[in-house]
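Me: Please take a close look at one helix in this structure and describe its surroundings. I would like residue names, contacts and geometry in one connected account.

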Amino acid sequence: MERTKLVSVAALAAVALAACSSGGSGATTSSSNSSAPDPASITVWLQTDAQQGWPEAVAAATTAFKVKHPNTAVKVQYQTWPDHLTKLDAALAGSQPPDVVELGNTETTKYMAAGALAELKSSSFDNSSTWLKGLADAGSYDGTMYAVPYYAGSRAVIYNSALYTGAGVTAAPTSFADLTADGDKLMAKYGSDKSFSAFYVPGKYWYQAMSWVYDNGGQIAKKDGNTWTSTLSEQPSVDAITAWKDFVTKYSRADVLGDEAKQDAVFAQGKVAALYGNGWERGSILDPKTGNPKLKLGSYSMPSRTKPGSSMPAFLGGSTLAVTAKSKAANAATDWIAAFTSTASSTALVTKAGVLPNTTSLLKLVKPADKAFADAAQNSWFVPTAPNWANVEKANVIPQALSDILSGKSSVADALKAADTQITQILNG
């Protein structure tokens, strides 16, 4: 998931150096068909999402693991998102870090770049040829794999069925032309209310805007050798953000200086026809205490502006699983991850826990209410896998550029050119 609390590369480099000098494997792990004796135990750090949402899958993975490693105890220790990186950094600096660790996908890059994670082979894991691109990209650095996709979270359009029907929209749009035609009908019907949005887009919602960029063949940044260059001022990105600005200006009354953090609460007030959100936001909108359970919701993938019949690429959040470089039981740890991300285990996550799997081959199993989010997950993008990317997010470079564009403070071309200069500087340290 899009986690932002990350440690410095310098600190992680020190951890990696310690790993290499302390007898940790630091080598490519493989399935445990070797003659090495089973370790007495392995320690697995998972987030409390698994403890609360799919404990049976965790237990089943350990049972499957013990077929290969009957004498190895599996010690699962549950962590929380707010402080898990602080604890992990301390553990990595010591002599007994966890063998397996769960990371948010945007957290993974710095640990890979600093050498804090062991190399892995995709052939050791089920469905590696059909892993969701956004998660697979998050687990590789400089062409080497260090983390395995675990589960995903995707974005799609959530809409108010009653408002759509009231404006004469009888079916969810399947093309960008349909989307704008529906937006015109909604604004004609309800737009006299200045708090109404046919499609609610806060000005700093950069995950939404960047989907337009990737849909148009653009990207945030590219790497050449050891140098990163931001590419938002290249023509595909400029054209995409120009179209995004026109769309937002026409159909959204959201705060151009705001972000998406409270868009579910705004939607629940009944004056938003559609928004671009995570699957979990439906639950927040309908929550009896904080939302409006009387609303009738639908969902659909955001139609591509440039590729008829396709959806816009969606930013894919989620988690990865990795073996720490200092693990003294790397082969066994790899086998536990393989068991926990097996086809059987991933199937259980979908059918019993209701989360998106790590592979396109199982997306067909999601419940109907999640179909739009599953469809969106098949076409995804991910942030640049640069060690300093978190610093770009921390500096709010892209959100500020978008807000400046919508507020009229800057032209599209000037705002993106300035963003390029800042992003390039940050990425290259």
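The request concerns helix H17 and what surrounds it.

Which residues of H17 are buried, what covers the buried residues, and at what angle do H10 and H17 pack?

Reply: The model is predicted, and every value below is computed from it. Helix H17 runs over residues 397-407 and is mostly covered, with nine of its 11 residues buried. The buried ones are Val 397, Ile 398, Pro 399, Ala 401, Leu 402, Ser 403, Asp 404, Ile 405 and Leu 406. Ser 403 and Asp 404 are thus on the buried list along with Leu 402 and Ile 405.

The cover over these buried residues includes four helices: H9 (206-215), H10, H16 (389-394) and H18 (412-427).

The two ends of H17 come next. Ahead of the helix, Asn 396 sits in the loop between H16 and H17. The phi of Asn 396 is near 55 degrees, a positive value in a residue other than glycine. Asn 396 has a relative accessibility of 43% and therefore counts as partly exposed, since that class lies between 20% and 50%. Its sequence neighbour on the helix side, Val 397, is among the buried residues of H17. At the other end, H17 is followed by Gly 408, which also has a positive phi, in this case near 85 degrees.

The packing of H10 on H17 can be given in some detail. Two packed helices are described by the angle between their axes and the distance between the axes. For H10 and H17 the angle is about 60 degrees and the axes are 10 Å apart. H10 is therefore oblique to H17, because 60 degrees falls outside the ranges for roughly parallel (under 35), roughly perpendicular (65 to 115) and roughly antiparallel (over 145). The crossing is right-handed.

On the H10 side the contact is made by Ile 241, Trp 244, Lys 245, Val 248 and Thr 249. On the H17 side, Leu 402, Ile 405 and Leu 406 take part. Sorted by class, this contact has six nonpolar residues, one polar and one charged. Leu 402, Ile 405 and Leu 406 are each on the list of buried residues in H17.

H10 has a second helix partner. The axes of helix H8 (residues 176-190) and H10 come within 10 Å and cross at roughly 25 degrees. H8 is therefore roughly parallel to H10, as an angle under 35 degrees counts in that class. Here H8 contributes Phe 176, Leu 179, Thr 180, Gly 183, Asp 184 and Met 187, and they meet Phe 247, Lys 250 and Tyr 251 in H10. By class, the contact of H8 with H10 has five nonpolar, two polar and two charged residues. H10 thus meets H17 through residues including Ile 241 and Trp 244, and H8 through Phe 247, Lys 250 and Tyr 251.

The wider setting is the nonpolar core. The largest nonpolar core has 63 residues, and those with the most contacts inside it are Phe 199, Trp 206, Met 210 and Ile 241. The largest share of this core, eight residues, comes from H10 (residues 235-251). Ile 241 is also one of the H10 residues that meet H17.

Met 210 gives a further link to H17. Leaving aside residues up to four places away in sequence, Met 210 touches Ile 220, Leu 232, Ile 241, Trp 381 and Ile 398. Of these contacts, Ile 398 is one of the buried residues of H17, and Ile 241 is one of the H10 residues in contact with H17. Met 210 itself falls in the range 206-215 of H9, a helix that helps to cover H17.

Apart from the largest core lies another one, of 32 residues, among them Trp 131, Leu 321, Ala 333 and Val 355.

In short, H17 has nine of its 11 residues buried, under a cover that includes H9, H10, H16 and H18. The H10 contact is oblique and right-handed. The flanking residues Asn 396 and Gly 408 both have positive phi values.

How values were computed: Residues are numbered from 1 along each chain as its sequence is written. This is a predicted model: local features need pLDDT of at least 70, side-chain atom pairs count only at pLDDT 80 or more; totals for chains, interfaces and linings use all residues. Side-chain values use heavy atoms; hydrogens and water are left out. A nonpolar core is a set of buried Ala, Val, Leu, Ile, Met, Phe, Trp, Tyr and Cys residues joined through side-chain atoms within 4.5 Å. Buried means under 20% relative accessible area, exposed over 50%, partly exposed in between (1.4 Å probe, protein chains only). Contact means heavy atoms within 4.5 Å. Axes are lines fitted to C-alpha atoms, for helices over the stretch in contact, and angles run from 0 to 180 degrees between N-to-C directions. A crossing is left-handed if the near helix is turned anticlockwise from the far one by less than a right angle, and right-handed if clockwise. Ala, Val, Leu, Ile, Met, Phe, Trp, Tyr, Cys and Pro count as nonpolar, Asp, Glu, Lys and Arg as charged, and the others, Gly among them, as polar.
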